[in-house]
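I opened my notebook to look around this one piece by piece. Here is what I looked up, in the order I went.

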Amino acid sequence: MADGLSFNNPVFTNFAFYATILVVKMMLMSILTAYQRLTKNVFATEEDAASANARRKPGKDVIKPMFGVEAVERVRRGHLNDIENIIPFVLIGFFYVLANPDPYHALIHFRVFAAARILHTIVYLGGVPQPARALSFFTGYITLAGMAWRVFKMF
């Protein structure tokens, strides 16, 4: 078997691929949040509202900081959920790779987690009724718990 943290190790290569996909997805959520704020004229701070007011056309209402606009909040909450799940995946995944798991089983863990997170985003942003979001969340969570269990078994 190849050395742990090397691209010669298929487990590390697959982990790096899926972790990168998920981190880029998480980064795109921040851009999507900003897009929603700009298109809805919903800003969280005085300085952002002031910047928007400097660009507004005469006769338009003054923009003030506001919260609770569903289109913005839905994306923002989805992004927060990504932060709460993808960062642990990257950290636990790093140790999981070092635990020398079977390459096939590791690939299944990485694929299932990535698919669950992407599906979670789709159903959350799309407003798909429960239990779709809960099922995608718990699928990823249980997959991550399985990876963590493999790491704990090393001690």
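**Entry 1: helix 1.** I began with a length check on helix 1, keeping in mind that this is a predicted model. Helix 1 has 31 residues, so at 1.5 Å a residue it should span 45 Å. I looked up its end C-alpha atoms and they are 45 Å apart, which agrees. Then I went to the two ends. At the start of helix 1, Asn9 has a side-chain oxygen that comes within 2.9 Å of the backbone nitrogen of Val11. Just after helix 1, I found Asn41 with a positive phi of about 55°.

**Entry 2: odd backbone spots.** My course notes say that most residues other than glycine have a negative phi, and that most peptide bonds are trans. That made me look for exceptions. Asn100 is one with a positive phi, near 55°. Asn100 belongs to the loop between helix 3 and helix 4. Is Asn100 buried or exposed? Neither: its relative accessible area is 42%, so I put it down as partly exposed. For the peptide bonds, I noted that the one from Gln130 to Pro131 is cis, with omega near 15°. Pro131 also sits in a loop, between helix 4 and helix 5.

**Entry 3: the core.** Next I went inside. The largest nonpolar core holds 19 residues, and among those with the most contacts inside it are Phe15, Leu22, Phe89, Tyr96 and Phe110. Which elements give two or more residues to this core? I got helix 1 (10–40), helix 3 (70–98), helix 4 (103–125) and helix 5 (132–152). Helix 1 gives the most, with seven residues. I picked out Tyr96 and listed what it touches beyond four places in sequence: Pro101, His105, Ala106, His109, Phe110, Met147, Arg150 and Val151.

**Entry 4: rings.** I counted aromatic pairs and came to ten. I looked at Phe89 and Phe110 in detail: their ring centres are 6.1 Å apart and their planes are at 85°, so the pair is edge-to-face. Angles over 60 degrees get that label. Phe89 lies in helix 3 and Phe110 in helix 4, so this pair ties together parts that are 21 residues apart in sequence. Both rings belong to buried residues, Phe89 and Phe110 alike. I also saw that Phe15, Phe89, Tyr96, Phe110 and Phe113 form one aromatic cluster. One more ring went on my list, with a charge on top: the charged end of Arg74 sits over the ring of Tyr124, 5.3 Å from its centre.

**Entry 5: two residues in helix 3.** I finished with Asn85 and Ile87. Asn85 is in helix 3. Is Asn85 buried or exposed? Its relative accessibility is 5%, so Asn85 counts as buried. Leaving out neighbours within four places in sequence, I found Asn85 in contact with Phe113, Arg117, Phe137, Tyr141 and Leu144.

Ile87 lies in helix 3 too. Ile87 has 39% relative accessibility, so it goes down as partly exposed. Beyond four places in sequence, Ile87 touches Met26 and Asp82. I checked the Met26 contact further: the two residues are 61 residues apart along the chain, and the C-alpha atoms of Ile87 and Met26 are separated by 9.6 Å.

Key: Residues are numbered from 1 along each chain as its sequence is written. This is a predicted model: local features need pLDDT of at least 70, side-chain atom pairs count only at pLDDT 80 or more; totals for chains, interfaces and linings use all residues. Side-chain values use heavy atoms; hydrogens and water are left out. A nonpolar core is a set of buried Ala, Val, Leu, Ile, Met, Phe, Trp, Tyr and Cys residues joined through side-chain atoms within 4.5 Å. Buried means under 20% relative accessible area, exposed over 50%, partly exposed in between (1.4 Å probe, protein chains only). Helices (H or I, at least four residues) and strands (E, at least two) are DSSP runs, numbered from the N terminus. Contact means heavy atoms within 4.5 Å. The expected span of a helix is 1.5 Å times one less than its number of residues. A polar contact is a pair of N or O atoms within 3.5 Å; within protein, one must be able to donate a hydrogen and the other to accept it, and residues adjacent in sequence count only if both atoms are side-chain atoms. Rings of Phe, Tyr and Trp (its six-membered ring) pair if their centres lie within 6.5 Å; planes under 30 degrees apart count as stacked, over 60 as edge-to-face and the rest as tilted. A charge sits over a ring if NZ of Lys or CZ of Arg is within 6 Å of the ring centre and within 35 degrees of the ring normal.
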